[in-house]
Amino acid sequence: MAEKKKLGIFKLTSCAGCQMRLLYYQHRELEALTAYDITYFKMGKRDNLENIKVDVALIEGCVTNSEQIDELKRIRENSTILATLGGCATRSSLWGLKNNKPEKEIEEKAYKDLSTIHSIKAIPVNDVVKVDYLLPGCPVGEDEMTEFLQSALVGRRPFIKPHSVCVECKMKGNLCILVAKKEPCMGPVTAAGCGALCPTNGRPCYNCRGPMIAANAPALAKEFKKNGLSDEEIYLKFTAFSGLSKVYEEVTDRA
Ligand code: SF4
Ligand code: SF4
Ligand code: SF4
């Protein structure tokens, strides 16, 4: 019998929700996972093999200290395919909020004793090492995770949805709350994959999945402004889950 491909699942700075969801809430992904030899997954198994070569590495979380930079480079050297697992790894997500303030100020707010603290700005994984695939989501959804695991197994490029949440929203036949109720919905610039969960339940999308490719951020910011949002509110909408993503830089660049 052919040897199974080796998979390592690694955690940097994150809430661990992507790993948690992978373990406890879905079925198809667990089936896909059984096709792999999981050599490293601290949340999922007791015995983990350090520093061994893997076919596929999944990284959850972003970098917030210099040790993690070394760790990430080691993982990259030891892996054939490396993919980010969720928004924290892909674009620093919520952790990127701290990048708006001096690091010292953040440390003083978070810790009483700073003598052992040496944090750095929140950096997404692809700013440190080459990444083969970026899996968005907070957490990554079942469909895209299964698609990635199955594709990596057979050496096929995974299909990652290129469109916005609006497309999924329209496919569900929802009334557009941005147009009809002037609610500040981030759907037009947010990567699809959640099935338009929030608008389907009557509330605006708040961009937890991060930017879709080629989003027209200025057009949406203009619409928000027309609907009464202040510049600061618009800035927070575009940075809360996406840090200082280049896709939104025409709206978020304050230089
Ligand atoms: S992407 Fe979301 S769910 Fe996944 S680790 Fe980050 S904060 Fe948690
Ligand atoms: S409600 Fe939001 S996600 Fe749905 S179509 Fe309108 S803007 Fe797009
Ligand atoms: S915030 Fe937007 S991207 Fe996140 S689950 Fe809700 S609709 Fe989907």
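Let's start with alanine 16: with 15 C-beta neighbours inside 10 Å, this residue counts as partly exposed. Before I go on, please keep in mind that what you see is a predicted model. Alanine 16 sits in the loop between β1 (5–11) and α1. Its backbone is worth a look, too: phi is positive, about 70°, although the residue is not a glycine. As background, most residues other than glycine have a negative phi, and most peptide bonds are trans.

Now, where does that loop residue point us? Alanine 16 is one of the residues around ligand 1. The others in that shell are Ser14, Cys15, Gly17, Cys18, Glu60, Gly86, Gly87, Cys88, Ser93, Cys138 and Pro139. Two elements, α1 (17–24) and α4 (87–91), give two or more residues each to this shell. By class, the shell around ligand 1 splits into 6 nonpolar, 5 polar and 1 charged.

Let's stay with ligand 1 and pick out serine 93, which belongs to the same list. Is serine 93 buried or exposed? Serine 93 is buried, because 28 other C-beta atoms lie within 10 Å, and the cut-off for buried is 20 or more. You'll find serine 93 in the loop between α4 and α5 (103–110). Here again phi is positive in a residue other than glycine, with a value near 45°.

One more stop around ligand 1: Cys138 and Pro139, both in the shell. Which form does the peptide bond from cysteine 138 to proline 139 take, cis or trans? That bond is cis, with omega near 0°. Proline 139 is placed in the loop between β7 (133–135) and α6 (142–154).

On to ligand 2. The shell here has 14 residues, and those that come nearest are Cys166, Cys169, Cys176, Cys185 and Gly187. Helices α7 (165–171) and α8 (177–180) each supply at least two residues to the shell around ligand 2. Which element gives the largest share? That is α7, with 4 residues. Sorted by class, the shell around ligand 2 holds 11 nonpolar, 2 polar and 1 charged residues.

Ligand 3 is next. Around ligand 3 you can find four cysteines by name, Cys194, Cys198, Cys205 and Cys208. Val165, Thr190, Ala196, Leu197, Tyr206, Asn207 and Arg209 are also in the surroundings of ligand 3. The class split for this shell is 8 nonpolar, 2 polar and 1 charged.

Let's leave the ligands and turn to a pair of helices. Two packed helices are described by the angle between their axes and the distance between the axes. Helix α10 (residues 217–226) packs with helix α11 (residues 231–239) at about 140°, and their axes are 10 Å apart. The two helices are therefore oblique to each other, since only angles over 145 degrees count as roughly antiparallel. Their crossing is right-handed. On the α10 side, the contact is made by Ala217, Ala221, Phe224 and Lys225, and on the α11 side by Ile234, Lys237 and Phe238. Sorted by class, this contact has 5 nonpolar, no polar and 2 charged residues.

Finally, a look at glutamate 249, which lies in helix α12 (residues 249–252). Glutamate 249 is exposed, because it has 12 other C-beta atoms within 10 Å, and 12 or fewer is the limit for that label. How far apart in space are glutamate 249 and proline 218? They are 9.2 Å apart, C-alpha to C-alpha, with their positions 31 residues apart in sequence numbering.

Conventions:
Residues numbered from 1 in each chain as written. Chains lettered and ligands numbered in written order. Predicted model: local features only at pLDDT ≥ 70, side-chain atom pairs only at ≥ 80, totals over all residues. Near = placed C-beta within 6 Å. Nonpolar A, V, L, I, M, F, W, Y, C, P; charged D, E, K, R; others polar. Axes fitted to C-alpha atoms, helices over the stretch in contact; angles between N-to-C directions. Parallel < 35°, antiparallel > 145°, perpendicular 65-115°, else oblique. Left-handed = near helix turned anticlockwise from the far one by under 90°. Contact = placed C-beta atoms within 7 Å.
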